[in-house]
2 protein chains.
Amino acid sequence: MDTVSCWEPSGNLVESYLRRCPARDVLTVLADKWVPLVLGTLRNEGGPIRFNELRRRLDGITQKMLTRTLRNLERDGLVRRTVYPTVPPRVEYELTGLGADLGVITHAMGQWALRHADEIGAARIEFDERAARDPEPVRL
Amino acid sequence: MDTVSCWEPSGNLVESYLRRCPARDVLTVLADKWVPLVLGTLRNEGGPIRFNELRRRLDGITQKMLTRTLRNLERDGLVRRTVYPTVPPRVEYELTGLGADLGVITHAMGQWALRHADEIGAARIEFDERAARDPEPVRL
């Protein structure tokens with residue numbers, strides 16, 4: 001079997017028998033701004049929560065986007081979905097152990113974001129002003 | 001001025017005078033699977049690195065995507081870009097203090113991804129098999 005070079009998040013190239021790097025693949029889980037917000041809300045709830053209540057707390061998320069985010073999180077084993085056979089069916093979501101574990105990291109991301117929001121906002125304004133003054137035709 | 005409810009990553013709703021939540025806005029920075037990989041490579045390098053060398057290490061990234069990711073990171077004050085007036089110009093990238101700080105968190109994300117890649121892969125297979133057996137017409 002051919003080995004491929006697989007870039008690890010530590011910055012090391014490793015030889016891998018996998019065609020794809022599993023860690024890279026998992027990083028795509030986090031490549032969604034709603035993931036830390038959904039995990040944070042479930043983490044804060046500390047138990048099962050219904051879809052509509054979750055949506056209400058995530059002020060601004062569409063039903064479609066919340067459905068998609070929850071489906072991806074369930075597929076990855078981070079969220080447990082329980083359907084109760086009532087009429088209409090009651091559907092509840094809660095974190096799995098793995099989801100709670102990732103929630104610790106996404107919470108740190110969120111805290112970092114809160115702490116540095118002003119600094120990042122100022123950097124953006126400065127960058128945009130500079131780019132407007134001195135546009136670069138080609139950029140590497 | 002009207003206040004809006006602004007959802008914090010801690011899971012608390014806060015009243016905000018901002019139309020947008022700054023922390024949410026910053027979370028979009030991380031909503032790109034290349035961000036942890038680029039920050040990790042710059043972090044591992046520990047100093048300035050040229051564009052093409054960075055691209056070589058990030059096996060699989062296109063020139064366009066790396067250019068875009070670096071531009072966003074520079075705009076957010078996470079990466080410093082230096083152009084030397086040689087022919088052709090030499091362009092180097094390195095982390096700022098803020099970027100190095102975020103790099104600690106994205107490194108933790110990467111380590112988590114490596115540690116749990118198998119578990120997540122298994123959960124996906126199980127989910128997909130279940131979904132194939134028992135498709136749901138409507139999903140909440």
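## Talking through a two-chain model

Mentor: Let us start with chain B of this predicted model. Three of its strands make an open sheet, ordered S3-S5-S4, with antiparallel pairing.

Trainee: Why are S3 and S4 of chain B said to stand at the edges?

Mentor: Strand S3 (49–50) and strand S4 (79–84) of chain B each have a single partner strand, so one side of each is left without a neighbour in the sheet.

Trainee: What makes S4(B) and strand S5 of chain B a pair?

Mentor: Two strands pair when at least two bridges are found between them. S4(B) and S5(B), residues 90–95, are joined by six bridges and run antiparallel, so they pass that cut-off. One example is Thr82(B), whose bridge partner in S5(B) is Glu92(B).

Trainee: What do S4(B) and S5(B) form together?

Mentor: They form a hairpin, with five residues between the two strands.

Trainee: Which helix packs on this sheet in chain B?

Mentor: That is helix H2 (residues 34–45) of chain B, which touches S3, S4 and S5 of chain B. The direction of H2 makes about 95° with that of S5(B).

Trainee: Leu39(B) is found in that helix, H2 of chain B. Why is Leu39(B) called buried?

Mentor: Set the count against the cut-off: a residue is buried if 20 or more other C-beta atoms lie within 10 Å of its own. Leu39(B) has 28 other C-beta atoms within 10 Å, so it is buried.

Trainee: Which residues does Leu39(B) touch, not counting those up to four places away in sequence?

Mentor: Leu39(B) touches Gly99(B), Leu102(B), Gly103(B) and Thr106(B). Take Leu102(B): Leu39(B) and Leu102(B) are 63 residues apart along the chain, and their C-alpha atoms are separated by 8.2 Å.

Trainee: Now to chain A. What are its elements, and in what order do they run?

Mentor: Chain A has five helices and five strands. From the N terminus on, the order is β-β-α-α-β-α-α-β-β-α.

Trainee: What is the strand order of the open sheet in chain A?

Mentor: The order is S3-S5-S4, with three strands and antiparallel pairing. Strand S3 (49–50) and strand S4 (79–84) of chain A are the edge strands, since each pairs on one side only.

Trainee: How many bridges pair S3(A) with strand S5 of chain A?

Mentor: S3(A) and S5(A), residues 90–95, pair in the antiparallel sense over two bridges. The cut-off is at least two, so this counts as a pair. Within it, Ile49(A) has Tyr93(A) of S5(A) as its bridge partner.

Trainee: Where does H2(A) lie?

Mentor: H2(A) lies across S3, S4 and S5 of chain A and runs at about 95° to S5(A).

Trainee: What span should H2(A) have, and what is the distance between its end C-alpha atoms?

Mentor: At 1.5 Å a residue, the 12 residues of H2(A) should span 16 Å. Its end C-alpha atoms are 16 Å apart, which agrees.

Trainee: Why is H2(A) described as mostly covered?

Mentor: Because 20 or more other C-beta atoms within 10 Å make a residue buried, we can go through the helix and count. The result is that 10 of the 12 residues of H2(A) are buried, among them Trp34(A), Val35(A), Leu39(A) and Arg43(A). After H2(A) comes Gly46(A), whose phi is positive, near 75°. Over chain A, 29% of the 140 residues count as buried.

Trainee: How many residues of each chain are in contact with the other chain?

Mentor: In chain A, 54 residues are in contact with 54 residues of chain B. H5(A) gives the most to the side of chain A that touches chain B, with 19 residues. That side divides into 26 nonpolar, 14 polar and 14 charged residues.

Trainee: What rotation superposes chain A on chain B?

Mentor: A rotation of 180° with 0.0 Å of shift along its axis does so, with an RMSD of 0.0 Å. The two copies are thus related as by a two-fold rotation axis. In chain A, Ala31(A) has the C-alpha nearest the axis, 1.9 Å from it.

Trainee: What makes you say that the same surface serves both copies?

Mentor: The contact residues of chain A recur in chain B at 100%.

Notes
Residues are numbered from 1 along each chain as its sequence is written. Chains are lettered from A and ligands numbered from 1 in the order in which they are written. This is a predicted model: local features need pLDDT of at least 70, side-chain atom pairs count only at pLDDT 80 or more; totals for chains, interfaces and linings use all residues. Two residues are in contact if their C-beta atoms, placed from the backbone, lie within 7 Å. Helices (H or I, at least four residues) and strands (E, at least two) are DSSP runs, numbered from the N terminus. Ala, Val, Leu, Ile, Met, Phe, Trp, Tyr, Cys and Pro count as nonpolar, Asp, Glu, Lys and Arg as charged, and the others, Gly among them, as polar. The expected span of a helix is 1.5 Å times one less than its number of residues. Copies are superposed by least squares on the C-alpha atoms of residues with pLDDT of at least 70 in both. Axes are lines fitted to C-alpha atoms, for helices over the stretch in contact, and angles run from 0 to 180 degrees between N-to-C directions.
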